[in-house]
Amino acid sequence: MKGLIKMLQIDFCTGNKSKLKEANDYINSKVKDVSLYSNKIDFTEIQSISQQEILLDKMKQAISKTDRPFIIDETGIYFNKYNNYPGTLTKYVVKSLGIEGIKRLLSDTDNTAYFKTTILYSEDKKDYKFFEGILQGKIVIDENKIDNVDFPFSSMFIPDGYNDYLINIYNNNNFLDHRKKALDKLIMYLNNR
């Protein structure tokens, strides 16, 4: 194992401070010589059901806006009864259908779903790697438990093996969500390159 280069600095192309802090805290709990820095880029997002296609397009936009290695991530929730849906369209489904529409989508017996995060990492602005993390579970809707109507799924999603909503177990240090699973694969890659 080659190990990491001393103090690898990586731009995380996001303006979401809590996502940056969560990723930095997690990475630093595993390795001490990697730091993520926010690089908020106002991406124009293509419409695709493929997280990888969206990330490749965002990579083209990011190349001229960073001088460091960088990561970009894409996250969505997928209902098993529908093929790749809502996935990359998650925020549009919430906006257009609301909680009642989501209830109707999942009104029969199959309420299983999974979160998927794909991270694109590029070190030299030419080559890139994808790292994917998946968290299986089910959707259980209790409108009294939903704290964020713009992105309600962490208050509706119960991960496999748990009896509580994602929002309530998210900060448990031993809990590996979809983003942490993708970050684990990135860390493994950085440690072995």
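**Exercise 1. In which order do the helices and strands of the protein follow each other from the N terminus?**

Step 1: Mark the elements, where helices (H or I, at least four residues) and strands (E, at least two) are DSSP runs, numbered from the N terminus. Step 2: Read along the chain to find β-α-β-α-β-β-α-β-β-β-α-α. Step 3: Check your tally against 5 helices and 7 strands.

Before going on, note that this is a predicted model, in which local features need pLDDT of at least 70, side-chain atom pairs count only at pLDDT 80 or more, and totals for chains, interfaces and linings use all residues. Residues are numbered from 1 along each chain as its sequence is written, and side-chain values use heavy atoms, with hydrogens and water left out.

**Exercise 2. What share of the 193 residues is buried?**

Step 1: Take buried as under 20% relative accessible area (1.4 Å probe, protein chains only). Step 2: Apply that cut-off, and 46% of the 193 residues qualify.

**Exercise 3. Describe helix α5, residues 178-192.**

Step 1: Compare spans. From first C-alpha to last, the 15 residues of α5 reach 22 Å, close to the expected 21 Å; the expected span is 1.5 Å times one less than the number of residues. Step 2: Look at the start, where a side-chain oxygen of aspartate 177 lies 3.1 Å from the backbone nitrogen of arginine 179, capping the N-terminal end of α5. Step 3: Pick out buried residues of α5, among them Ala182, Leu183, Leu186, Ile187 and Leu190. Step 4: Recall that an α-helix has 3.6 residues a turn, so residues three or four places apart point the same way.

Methods
Buried means under 20% relative accessible area, exposed over 50%, partly exposed in between (1.4 Å probe, protein chains only). A polar contact is a pair of N or O atoms within 3.5 Å; within protein, one must be able to donate a hydrogen and the other to accept it, and residues adjacent in sequence count only if both atoms are side-chain atoms.
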